[in-house]
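The exercises below are meant to be worked with the sequence and the coordinates side by side. Please try each task before reading the solution that follows.

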Amino acid sequence: MGLSLIPVLAGISRLVVLAGGPEMLLPADPRSEASPVPIVLHVVSAIGFAVLGAFQFSAGIRRRRPRWHRRAGRVLVVLGLVVALSALWLTLFYPRQENTGDLLYLFRLLAASGLGASIILGFAAIRNREIARHRAWMIRAYALALGAGTQVFTQGIGEAVLGAGAIRTDLMLGSAWVINLAVAGWVIRRPAARRARTRAALVGSP
């Protein structure tokens, strides 16, 4: 939940700037000012996905309010697909950011495509009552969607240690999605590992 606050605050700041407000945390971006609709769709859907998605991983909410979990899940499918499609549009048709290169362009295409694919596969899994697969794909989708939060750290630490440069910046930003997916993989495997230890303990008990 804490990591989601970074893209949420950045997104709100971007919306404030686009609405003509003061430049709070982010400088004005001529690209978004020239064509604001795609970035507004992306930011609003990403904020909703980050905030609502965080509650979906609460086991207590799933147990006590399963109907709310299902309804919120349907909303998240729509929001996540808007995030993925708008991210693809922004990558393909917006001018590239300064000091970035082809590598980040590829990373963004892969992350947006992976987000959309994960949501579709997660939705298909729950339709087939495959709870574990549904959980795994939605965790991956959430990890990809929170890449911007991790990028604050990877870029900040990377530039402090290695300095700036297009290739270095691309790698720093791209590594955020890799880190998030690695953590997601650990979270996905953890319940299975815990169940295996429990079975082993039961088998070994007198």
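## Exercise 1: Tyr142 and the cores

Task: List the residues that Tyr142 contacts, leaving aside its neighbours within four places in sequence, and then place Tyr142 in its wider surroundings.

Solution. Begin with the contacts in this predicted model: beyond its neighbours within four places in sequence, Tyr142 is in contact with Ser4, Phe49, Ala50, Gly53, Ala54 and Phe57. A second, separate core of five residues has Ala136, Ile139, Ala143 and Ile188 among its members.

Next, look at the rings: Tyr142 joins Phe49 and Phe57 in one aromatic cluster.

Then turn to the largest nonpolar core, which has 23 residues, and in which Tyr142 belongs to the group that touches the most other members, together with Ile39, Phe49, Leu115, Ile119, Ala141 and Trp177. At least two residues of this core come from each of α3 (36–56), α5 (66–93), α6 (102–127), α7 (131–145) and α9 (166–204). The greatest contribution is that of α3, which supplies six residues.

## Exercise 2: The chain as a whole

Task: Determine how many helices and strands the chain has, and state what percentage of its residues count as buried.

Solution. Counting the elements gives nine helices and zero strands, so that the order from the N terminus on reads α-α-α-α-α-α-α-α-α. Of the 206 residues, 35% count as buried. For the contacts, take those between residues at least 6 apart in sequence; 64% of them join residues at least 24 apart. The exposed area of the chain is about 12300 Å², and carbon and sulfur atoms supply 67% of that area.

## Exercise 3: A nonpolar patch on the surface

Task: Identify the residues that make the nonpolar surface patch of about 470 Å², and decide which element gives the largest share.

Solution. The patch is made by Leu103, Leu106, Leu110, Ile167 and Leu171. Two elements, α6 and α9, give two or more residues to this patch, and the largest share, three residues, comes from α6. As a check on one member, Leu171 lies in helix α9 and has a relative accessible area of 46%, which makes Leu171 partly exposed, because partly exposed covers the range between 20% and 50%.

## Exercise 4: Classifying aromatic pairs

Task: Classify the pair formed by Trp89 and Phe93 from the distance between centres and the angle between planes, and then do likewise for the rings of Trp89 and Tyr94.

Solution. A pair of aromatic rings is described by how far apart the centres are and by the angle of the planes. The structure holds four aromatic pairs. In the pair of Trp89 and Phe93 the centres are 5.1 Å apart and the planes make an angle of 50°, and the pair is tilted. Trp89 and Phe93 are four residues apart in helix α5, so about one helical turn separates them. At a relative accessibility of 36%, Trp89 counts as partly exposed, whereas Phe93, at 55%, counts as exposed. For Trp89 and Tyr94 the ring centres are 6.0 Å apart and the planes stand at 75°, so this pair is edge-to-face; the cut-off needed here is an angle over 60 degrees. Tyr94 itself is buried, with a relative accessible area of 9%.

## Exercise 5: Two polar residues compared with the cut-off

Task: Decide whether Gln151 is buried or exposed, do the same for His69, and find the contacts of each residue beyond four places in sequence.

Solution. Gln151 lies in helix α8, which spans residues 147–162. Its relative accessible area is 13%, so Gln151 is buried, the limit for this class being under 20%. Not counting residues up to four places away in sequence, Gln151 touches Gly156, Leu173, Ala176 and Trp177. The buried residues of α8 include Gly147, Gly149, Thr150, Thr154 and Gly158 as well as Gln151. Just after α8, Gly163 takes a positive phi of about 90°.

His69 lies in helix α5 and is also buried, with a relative accessible area of 18%. Leaving aside neighbours within four places in sequence, His69 is in contact with Gln56 and Arg62. His69 and Phe57, which are 12 residues apart in sequence, lie 9.5 Å apart from C-alpha to C-alpha.

Conventions. Residues are numbered from 1 along each chain as its sequence is written. This is a predicted model: local features need pLDDT of at least 70, side-chain atom pairs count only at pLDDT 80 or more; totals for chains, interfaces and linings use all residues. Side-chain values use heavy atoms; hydrogens and water are left out. A nonpolar core is a set of buried Ala, Val, Leu, Ile, Met, Phe, Trp, Tyr and Cys residues joined through side-chain atoms within 4.5 Å. Buried means under 20% relative accessible area, exposed over 50%, partly exposed in between (1.4 Å probe, protein chains only). Contact means heavy atoms within 4.5 Å. Accessible areas come from the Shrake-Rupley method with a 1.4 Å probe; for residues, only the protein chains shown count as cover. Patches are made of residues with over 30% relative accessible area and no salt bridge: like charges are joined within 9 Å, nonpolar side chains (Val, Leu, Ile, Met, Phe, Trp, Tyr) within 5 Å. A salt bridge is a side-chain nitrogen of Lys or Arg within 4 Å of a carboxyl oxygen of Asp or Glu. Rings of Phe, Tyr and Trp (its six-membered ring) pair if their centres lie within 6.5 Å; planes under 30 degrees apart count as stacked, over 60 as edge-to-face and the rest as tilted.
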